[in-house]
Amino acid sequence: MLHSVQEVLFRTGDDGHLSFLNDYWHVLSGFNVAQSLNRPLTDFLHPDDRARAQAAFDQLLAGAQREWADELRLRTLGGEIRWVGVSGRLVSATDTAPAWIAGTIDDISSRKIAELTLRNLNQELEARVRARTAELEAANRELEAFSYSVSHDLRAPLRAIDGFSRILADETGALLDDRQREHLGRIRKAAERMAILIDALIGLATLTRQALQRETVDLSQLAESVIRDLHAEDPTRSVEVVITRGLSVNADPALMHVLLDNLLRNAWKFCAAAAAPRIAFRAEREGSRTVFCVEDNGAGFDMRYAERLFEPFTRLHASEDYPGTGIGLATVKRIVTRHEGRIWVDARPGEGARFHFTLGH
């Protein structure tokens, strides 16, 4: 029975030398059983593992510990290195026999190779992550330099265009006809719009650089604050606003304000032509997640173009009817993505739009 077991069974004498090995020893190591007896097991181990194994055997025979187990490297007769799991147990001395060690040796080469391969893959992955992180940091620095260039180098010519157009209009006002004054007005409006677009682009780029400062945020209070601002900016508007109370989330409060400001301002803008304008901010549970929704009963749009809606500068309505930069929804999507969430929209022309979003964690 001992010789049929598919692992090595061994016994040592009180001197630590092998006094018994079953037949599986020859299968595992290639060494003949008879020629291996009366030798210490450490003779068959990798040189780097011998001292550790010998110290363990010495402690067992000295009674310093009762059991021991370790993973070691065995050198076979053919020179192959195999990983083995070795365990030993002290058998106490009796009046008629000294103490000895009984133990087992298991071939764990496949598992160790898999572990070492996984470790190497993890190290390679970590190296790639570090390299990718360095690349992203370099890209962010380039983006920051670009933003600085945009905010300074491009603003100067815009100010010059606007300034000289104003001077020209003041100095030659009486000499210009209506058509010429209209041209100057368009130049100034174009310069003003370009300045607004530059600010929007810089704001969009900044979202990727700033660190998230998560805390508990009452989205309902933020939404009410945005609506108060909208009423103050346009007190003549009469809009029904419904905000569900107590909608809280763990997120960056500054970015949440930007997100709701963009969504609610869009709703406010696009429901302007509705007979009875209505805006709502609500939420509902879907399984383990909370889905927030900002909806209006305004202009709406064709869902065929919904995927493009979150791209910078994408507009589905004429700027004369609904002014804007085309950056707001791209900013909203970036904020939601940074919070490991998702945003999508449901709309129909003339029946308003419903922007749904989730926020991770």
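**A walk across the five-stranded sheet**

Let's begin at one pair of residues: Gly85 has Asp106, in strand 5, as its bridge partner. Strands here are DSSP runs of E with at least two residues, helices are runs of H or I with at least four, and both are numbered from the N terminus. The model is predicted, so local features need pLDDT of at least 70 and side-chain atom pairs count only at pLDDT 80 or more, while totals for chains, interfaces and linings use all residues. Residues are numbered from 1 along each chain as its sequence is written, and side-chain values use heavy atoms, leaving out hydrogens and water.

Strand 4 (residues 81-91) and strand 5 (residues 100-107) run antiparallel and are joined by eight bridges. Leu90 is bridged to Ile101 of strand 5. Strand 5 also pairs with strand 1, again in the antiparallel sense, over five bridges; there, Leu9 has Thr104 as its partner. Two strands count as paired if DSSP finds at least two bridges between them.

Now step back to the whole sheet. Its five strands form an open, antiparallel arrangement in the order 2-1-5-4-3. Strand 2 (18-21) and strand 3 (67-75) are the edges, each pairing on one side only. On average, neighbouring strands are turned by 25 degrees against each other, direction ignored. Helix 3 (residues 47-61) packs on this sheet, touching strand 1 (8-12), strand 3, strand 4 and strand 5. Contact means heavy atoms within 4.5 Å. The direction of helix 3 makes about 155 degrees with that of strand 3; axes are lines fitted to C-alpha atoms, for helices over the stretch in contact, and angles run from 0 to 180 degrees between N-to-C directions.
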